[in-house]
Structures are given as structure tokens and as C-alpha cells.
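The following exercises are to be worked with the sequence and the coordinates at hand. Each task is followed by a solution in steps.

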Amino acid sequence: MKDIIRAKCLLSSDVETLINQQIKKEAHSSAIYLSMASWCNRNGYDFSSDYFFKQAEEERAHQLKFYKYVLDMGGTAISPDITNIKIEYNSFREVFEEALDQEISVTQSIKSIAARCHKEQDYVTLEFLNWFFREQREEEYKARRALELFDVIGEEGTGRWQIDKHVGQIKYESEA
């Protein structure tokens, strides 16, 4: 049986490159969240560890969603090599500060893809990206709320224990 050859990729080479970079960013985010989960676990923050394990799974799912999209469009999806993941943090708060920074970075990267798609009038990919924009709104909200717990509850006494206990309860419920 002959191999089926795809006649044409529906993505421009620029958009395909940007999406492959996003695949790597999502894989990198997943690895960072696994590292954060490990750090939290080692330091006795079990609820936060569970929170970051879930975040790692979500980022991996996002990576695969982008990966499959490139393939569906006739492109070449590239499995990324992920290295240099930080494993130690100076404080419980630093973990959550870096988590928020990571989500903002992912959002900016997706915006860059969308900007390129607008320029090329690639409305199919723009429609695909809309799901990620909604997802990022939720992810940034949850990361901000988690970080705000440090200011609302404080870290003194049982504060870190209270923060850890509340992290997994943060929900995003918006119809917008």
C-alpha cells in the first residue's frame, strides 16, 4: 500500500513555526509545573502540590491540542526537547509568582500567533486559538487569585498552611 502524501499544508510556514514554538512552550510549562508540584510536595504543601500536578496535566493537554492541530492542517509537528527546568525555589510565594509569570508568558505567545494569523488572514487558526484565549483567561485568573492569598491571609503563623489549603479551591466561573 502506498503512503498517503499530503498535497498541501494549510498553515503558512511562519504560522507553523509559531505553533511549534507554542508546542514547546506548553511542554516547558508542563515541566515547570511538575517541578513546582515536586517542590511543594517536598516542603509539605500537599494541596499546592496537587494543584500543580493538575496544572502540569492541563499544559500537556494544551501541547497535544496544538500538536494535533498542526498535523490536522497537513503540517509537521515537532516534539520538543525540554531542559533546564528549575527545581528549587526560595519560598512558597516564589512558586506562585513564577506560576503567574508563566501563564502571562503563554498568553503573550498565543497573542503573537494570533497577530500573525490576522496578518495572513488565517481565520481557521484564529478560530482554533479562541479556545486557548478563553483557557488563558481562566489560568491567569486562578494564578492571580492564588498569589493574592499570600497578601490576604499572610504567611505568618499558620498562614502558609491556610494558603496551601485554599489553593485547590480557587475556581473561575465566568460566562463572559
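Which residue just after α3 takes a positive phi? The residue is Gln-121, with a phi of about 60 degrees.

The model is predicted, so local features need pLDDT of at least 70 and side-chain atom pairs count only at pLDDT 80 or more, whereas totals for chains, interfaces and linings use all residues. Residues are numbered from 1 along each chain as its sequence is written, and side-chain values use heavy atoms, with hydrogens and water left out.

**Exercise 1. Describe the overall fold.**

Step 1. Count the elements: the protein chain has five helices and zero strands, where helices (H or I, at least four residues) and strands (E, at least two) are DSSP runs numbered from the N terminus.

Step 2. Consult the record: an unreviewed UniProt entry lists residues 9–154 as "domain: Ferritin-like diiron", and such annotations may be inferred rather than shown by experiment.

Step 3. Examine that range: residues 9–154 are 80% helix and 0% strand, with end C-alpha atoms 53 Å apart.

**Exercise 2. Test the length of helix α3 against expectation.**

Step 1. Helix α3 covers residues 92–120, which is 29 residues.

Step 2. The expected span is 1.5 Å times one less than the number of residues, so α3 should span 42 Å.

Step 3. The end C-alpha atoms of α3 are 43 Å apart, which agrees.

**Exercise 3. Characterise the surroundings of Ile-153.**

Step 1. Locate the residue: Ile-153 is found in helix α4 (residues 123–153).

Step 2. Classify its exposure: Ile-153 counts as partly exposed because its relative accessibility is 32%, the class between buried (under 20%) and exposed (over 50%), with a 1.4 Å probe and protein chains only.

Step 3. List its contacts (heavy atoms within 4.5 Å): leaving aside residues up to four places away in sequence, Ile-153 touches Gly-159, Gln-162, Ile-163 and His-166.

Step 4. Compare sequence and space: Ile-153 and Ile-163 are ten residues apart in sequence, and their C-alpha atoms are 6.9 Å apart.

**Exercise 4. Determine how burial and contacts are distributed over the chain.**

Step 1. Of the 176 residues in the protein chain, 42% are buried.

Step 2. Among contacts with a separation of 6 or more, 77% join residues 24 or more positions apart.

Step 3. For the overall dimensions, the C-alpha atoms fill a box of roughly 65 × 35 × 25 Å, taken along the principal axes.
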